[in-house]
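Reader: Hey, I'm new to this one. Could you walk me through it?

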Amino acid sequence: VGKLVPRMMHTARILYVIYMGLTVILFILLLCGNMSVFESLTTAFSTAGTGGFGIRNDSLASCSPYIQWVVTVFMILFGVNFNAFYLILLRNWKQLRHMDEVWWYFGIIGAAILIIMTNTYGWAGNILENLRNTSFQVGSIITTTGFMTVDFDQWPSLSRYVLLFLMMIGACAGSTGGGMKVSRFLLSVKSALRELNSYLFPKSVKKIKMDGKTVDEEAIRGINVYFTAYILLVVLSVFLICINGMDIESAFSSVLGTFNNIGPGLGKFGPTCNFGWVSTFSKYVYIFDMLAGRLELFPVLINDGSFIGRTIQPSRVTKLFRRELVEQNLDLWDDRVTVGEDLQMVFAAAIDAKGVCVVPDYYPYHYWYNTASMTGQYDARYLEKIKLLRERMEAISDAKKGYDFRPQIRRSEEHTSELQST
C-alpha cells in the first residue's frame with residue numbers, strides 16, 4: 001500500500017485504525033447473529049487476516065445464513081486496497097473513482113458469481129441459497145481466505161476452473177489478501193495488449209495507465225518478471241508434486257492453494273480433505289510454496305543469493321553502504337526515524353547482470369521532497385543533508401571501482417534546483 005500521508009509512521013497508524021475498526025465491526029455483527037464471544041472473536045480475526053481457519057470441522061457450513069452473508073461481505077472488504085477506505089473517510093470521491101484495481105476487483109467478483117450461479121443452476125435448493133453459497137466461495141477464494149460453506153469440488157467443471165482462476169488472481173494490493181494481486185494481473189493484461197497493438201501499428205507509442213497515472217516502464221518490466229517467475233515456480237512445484245504419482249488436477253490446485261495461501265484446492269485436496277496424507281517430500285514443496293507466496297517471490301528468491309548464486313548479491317552491497325555511512329557518522333536522519341530501519345529501505349541495493357551497482361533514489365531525500373511538494377515549503381536543514389549525501393556518494397564513486405552514483409547525484413541536483421525555484 002502506498003503512503004497515505006507524508007510520514008510512513010502516520011500511514012501505518014491509519015492502516016491499523018482501519019484494520020482494527022473493520023475487525024471490531026465484524027465482531028459485533030457476528031455477536032448479533034447469536035455466535036458465541038469466543039467463536040465471534042476467532043472468526044473475526046480469521047476473516048480480517050484472510051487466514052480462513054475456523055474452530056468447526058465444517059468451517060462455516062453449519063452457521064446461519066446471516067453469519068455467512070456477514071462473513072462474505074467482510075471477506076470481500078478485507079480484500080480491497082486499504083487506500084480506498086482512507087479515501088472514503090476523506091470523502092475524496094474523485095480519486096476513489098480512479099482506483100482501477102478496486103473496480104476491476106469488484107468486477108471480477110461479480111462476473112465470477114454470475115458465471116458460477118448460471119453454471120450451478122439447480123444444484124442448490126433455490127436461487128437465494130445458490131447466490132449465498134456462490135458469493136461466499138467466490139469471496140473466500142479470491143481473497144485467499146479459504147473458508148467454505150459447500151463442497152465446491154462437486155460443482156460442474158466450469159465453476160471449479162473459475163475458482164482456480166480466482167486463486168491465481170488474488171485480492172488487491174494493499175489488502176490482507178494474498179495471490180498475484182489484481183493490480184499485477186491488470187497491468188500484465190495491459191502490457192500484453194500493448195505489445196499486440198505494437199505489432200499492428202509499429203510506429204505507435206502507447207503508455208500504460210493505472211489509476212489515471214502513467215505507469216513507469218521499469219514497474220511494467222518488474223511485473224512481467226514477477227509473472228514469469230510466478231508461472232515457472234508453479235510449474236516446477238506441480239512437476240515435483242507429480243513425482244509421487246499425484247494426478248494433475250490435484251497437484252495443480254494444491255500448488256495454487258498453498259502458493260496463494262488459500263488452503264483448499266480440488267480433487268484430493270478439496271474443501272473436505274487435508275494435506276496430512278501426502279509424502280514428506282511433497283510437504284516440503286508445499287511449505288516452500290506457502291512461504292514464497294506469503295513473503296512475495298523476490299525476497300525469497302534473492303535472499304542472500306541462495307537461489308541465484310553469486311550473480312545477484314544485495315546483502316553484500318547493503319553491508320557495504322551500512323559500513324560506509326555509519327563509520328562517517330553522518331546525521332542524515334530525523335531523530336524520529338530509526339537508523340537501522342531506514343538503512344534497510346535506503347540501501348535496498350542490487351547488482352545487475354554485469355556486476356554494476358544499482359541504487360534506488362535516496363529515501364530521506366524523497367521523503368523531504370514529497371513533503372515539500374505537498375506543503376509548498378522546504379526545510380533548509382534538509383538541503384544541507386542532501387548536500388552531505390551527494391558529497392559522500394561522490395567520494396564512494398571515486399574510491400570504489402564499479403560503484404558510480406553520479407547519475408543519482410545529477411538527478412538529486414536537478415530536483416533540488418527545481419524545488420528551490422518554486
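Author: Sure. Let's begin with a group of rings: Y19, F78, F82 and F85 are linked into a cluster by ring pairs. Keep in mind that this is a predicted model.

Reader: Okay, and how many aromatic pairs are there in the whole structure?

Author: A search of the whole structure gives 12 aromatic pairs. Take F78 and F82: their ring centres are 6.4 Å apart and their planes are at 45°, so this pair counts as tilted.

Reader: Are F78 and F82 buried or exposed?

Author: F78 is buried, at 0% relative accessibility. F82 is buried too, with a relative accessible area of 5%.

Reader: Any ring with a charge over it? What sits over the ring of Y226?

Author: That's the charged end of R184, 3.8 Å from the centre of the Y226 ring.

Reader: Let me step back a bit. How many helices and strands does the protein have?

Author: There are 18 helices and 4 strands. The protein has 422 residues, and 45% of them count as buried.

Reader: And what share of the contacts comes from residues 24 or more positions apart?

Author: Among contacts with a separation of 6 or more, 62% are between residues 24 or more positions apart.

Reader: Let's look at some helices. At what angle do α2 and α3 pack?

Author: At about 35°, with the axes 9 Å apart; α2 covers residues 37-48 and α3 covers residues 65-78. On the α2 side, the contact is made by T43, T47 and A48, and on the α3 side by V71, F74, M75 and F78. So F78, from the ring cluster, also takes part in this helix contact, and its relative accessibility is 0%, which is why it counts as buried.

Reader: What classes of residues make up that contact of α2 with α3?

Author: It has 5 nonpolar and 2 polar residues, and no charged ones.

Reader: Now the inside. How many residues are in the largest nonpolar core?

Author: It has 72 residues, and those with the most contacts inside it are L30, V71, Y105, L166, Y230 and L297. Helix α6, residues 100-119, gives the largest share of this core, with 8 residues. Another core lies apart from it, with 7 residues, among them L186, L187, M210 and I223.

Reader: Back to L30. What is L30 in contact with?

Author: Leaving aside neighbours within four places in sequence, L30 is in contact with M35, S40, T43, A44, I67, V70 and V71. You've met two of those: T43 and V71 are also part of the contact between α2 and α3.

Reader: Switching topic: where is S159 found?

Author: S159 is in helix α8, residues 157-169. S159 is buried, with a relative accessible area of 0%. Not counting neighbours within four places in sequence, S159 is in contact with I116, N119 and T120.

Reader: What about Y286, which helix is that in?

Author: Y286 lies in helix α12, which covers residues 280-295. Its relative accessible area is 3%, so Y286 is buried.

Reader: And which residues does Y286 touch?

Author: Beyond residues up to four places away in sequence, Y286 touches I241, S254, V255, T258, F269, F275 and V278. Of these, V255 is 31 residues from Y286 in sequence, yet the two are 6.9 Å apart in space, C-alpha to C-alpha.

Reader: Now the loops. Where does M246 lie?

Author: M246 lies in the loop between α10, residues 217-242, and α11, residues 248-259. At 12% relative accessibility, M246 counts as buried. M246 touches I241, A251, K268, F269, W277 and V278, again not counting residues up to four places away in sequence. M246 and K268 are 22 residues apart in sequence and 9.0 Å apart in space, C-alpha to C-alpha.

Reader: Anything about the backbone? What is phi of T144?

Author: T144 has a positive phi of about 60°, although it is not a glycine. Most residues other than glycine have a negative phi. T144 lies in the loop between α7, residues 127-142, and α8, and T144 counts as buried at 0% relative accessibility.

Reader: And what is phi of K181 near?

Author: Phi of K181 is near 90°, a positive value in a residue other than glycine. K181 is found in the loop between α8 and α9, with α9 covering 182-200. At 10% relative accessibility, K181 counts as buried.

How values were computed
Residues numbered from 1 in each chain as written. Predicted model: local features only at pLDDT ≥ 70, side-chain atom pairs only at ≥ 80, totals over all residues. Heavy atoms only, no water. Phe/Tyr/Trp six-rings, centres within 6.5 Å; stacked < 30°, edge-to-face > 60°. Buried < 20%, exposed > 50% of the residue type's maximum accessible area, 1.4 Å probe, protein only. Lys NZ or Arg CZ within 6 Å of the ring centre and 35° of its normal. Axes fitted to C-alpha atoms, helices over the stretch in contact; angles between N-to-C directions. Helix = DSSP H or I, 4+ residues; strand = E, 2+ residues; numbered from the N terminus. Contact = heavy atoms within 4.5 Å. Nonpolar A, V, L, I, M, F, W, Y, C, P; charged D, E, K, R; others polar. Core = buried A, V, L, I, M, F, W, Y, C linked by side-chain atoms within 4.5 Å.
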